Amino acid sequence: MSAKRTVPSEADHPGTGSSQAAEPLTVEPQAAEPQAGEPLWKRDFPYESLAEDEVTRREFARFLVAGAGVMAAGNVGLAAWTQLRRINTGEPRALVPLDEVAVGETYLFAYPEDADPAILLRLSDTEVVAFSQKCTHLGCVVYFDADESRWHCPCHEGNFDAATGAVISGPPSRALGRIDLEVRDQVIWALGYQP
Amino acid sequence: MRASRRSGRASSALLMYVIILVAFQVFLLTVTVEAFMADDEGLAWAAAAVSVVLAGASAVLFRYLRP
């Protein structure tokens with residue numbers, strides 16, 4: 001079905017006007033059947049745009065620039081959200097009597113919410129530190145490695161300083177979330193959470 | 001002929017610059033998300049500012065891209 005249709009020329013119908021019709025024109029018929037390699041749905045929907053297979057450099061670049069604009073807007077939105085949101089830093093709360101935690105021992109608790117695991121370490125007679133137990137890499141639970149005197153994440157071998165929570169080695173890029181503590185009347189209090 | 005070829009090459013170069021800028025934007029988006037998770041406002045705003053500048057640069061380059 002690839003027959004070509006011939007348009008009548010000026011000679012066949014003199015006096016109809018166009019001088020450009022001196023030569024017979026041939027018009028390719030719209031494809032009524034799918035050509036080789038075309039999907040079958042083209043038989044039922046045989047319409048196509050003139051340049052449906054073409055994407056110019058400028059059109060491609062337009063999509064890229066639009067994407068860049070969307071990402072810039074997303075970045076600004078995220079920055080604004082970071083600025084405006086309020087992180088739950090917790091309310092002051094009594095945790096455990098000081099004499100119940102020996103030097104070098106840890107105490108597990110939840111802070112600021114019940115779903116936030118935290119761990120306390122007594123470094124010396126007077127020094128106590130506490131951190132969120134969530135590793136800042138992917139959220140695994142860290143534990144105190146007494147032999148190496150550091151916080152250790154067993155999932156991906158992340159290590160944090162025992163006293164400061166700073167990253168020593170491994171994939172984490174941020175320090176552990178710190179919980180401010182205070183000893184009042186021989187009782188350890190959590191004062192707030194610093195992510 | 002030679003001018004047309006040079007113009008086409010310039011268009012390709014501009015397109016490559018736009019692609020590089022967009023790739024850098026993707027990186028900046030990850031930086032902003034990381035800053036969001038760490039609650040680092042300074043880093044988030046810095047990344048957002050650079051991202052806006054890059055988007056503007058992409059738009060400027062796009063203006064010079066011939067159809």
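Student: What is the average pLDDT of chain A?
Tutor: This is a predicted model: local features need pLDDT of at least 70, side-chain atom pairs count only at pLDDT 80 or more, and totals for chains, interfaces and linings use all residues. Residues are numbered from 1 along each chain as its sequence is written; chains are lettered from A and ligands numbered from 1 in the order in which they are written. In chain A, 77% of the residues reach a pLDDT (predictor's confidence per residue, 0 to 100) of at least 70. The chain A average is 82.

Student: Over which residues of chain A does pLDDT stay under 50?
Tutor: The model has 20 contacts (C-beta atoms, placed from the backbone, within 7 Å) beyond four places in sequence for this stretch. It covers residues 1-21.

Student: Which strands stand at the edges of the six-stranded open sheet in chain A?
Tutor: Strands (DSSP E runs of at least two residues; helices, H or I runs of at least four; both numbered from the N terminus) pair if DSSP finds at least two bridges. Here the pairing is antiparallel, in the order E3-E12-E11-E6-E5-E4. Each edge strand has a single partner, so one side of it lacks a neighbour in the sheet. They are E3 (93-97) and E4 (106-110).

Student: Which residue of E11(A) stands opposite A:Ala130?
Tutor: Strand E6 (residues 128-132) and strand E11 (residues 178-184) of chain A run antiparallel, joined by two bridges. Opposite A:Ala130 stands A:Ile179.

Student: Which strand gives the largest share of the largest nonpolar core?
Tutor: A core is a set of buried (20 or more other C-beta atoms within 10 Å) Ala, Val, Leu, Ile, Met, Phe, Trp, Tyr and Cys residues joined through C-beta atoms within 7 Å. The largest has 20 residues, and A:Leu120, A:Ala130, A:Phe131 and A:Ile179 have the most contacts inside it. E5 (117-122), E6, E8 (150-153) and E12 (187-194) of chain A each give two or more residues. The largest share, four residues, comes from E5(A).

Student: How many residues are in the other core?
Tutor: This core lies apart from the largest one. Among its members are A:Leu64, A:Ala72, B:Ala55 and B:Leu65. Its residues number 12.

Student: How many residues of chain B are in contact with chain A?
Tutor: Chain B has two helices and zero strands. On the chain A side, 23 residues take part; in chain B the number is 30.

Student: Why is B:Trp45 classed as partly exposed?
Tutor: B:Trp45 is found in helix H2 (residues 41-63) of chain B. Partly exposed means a count above 12 and below 20. B:Trp45 falls there because its count of other C-beta atoms within 10 Å is 19.

How values were computed: Contact = placed C-beta atoms within 7 Å.
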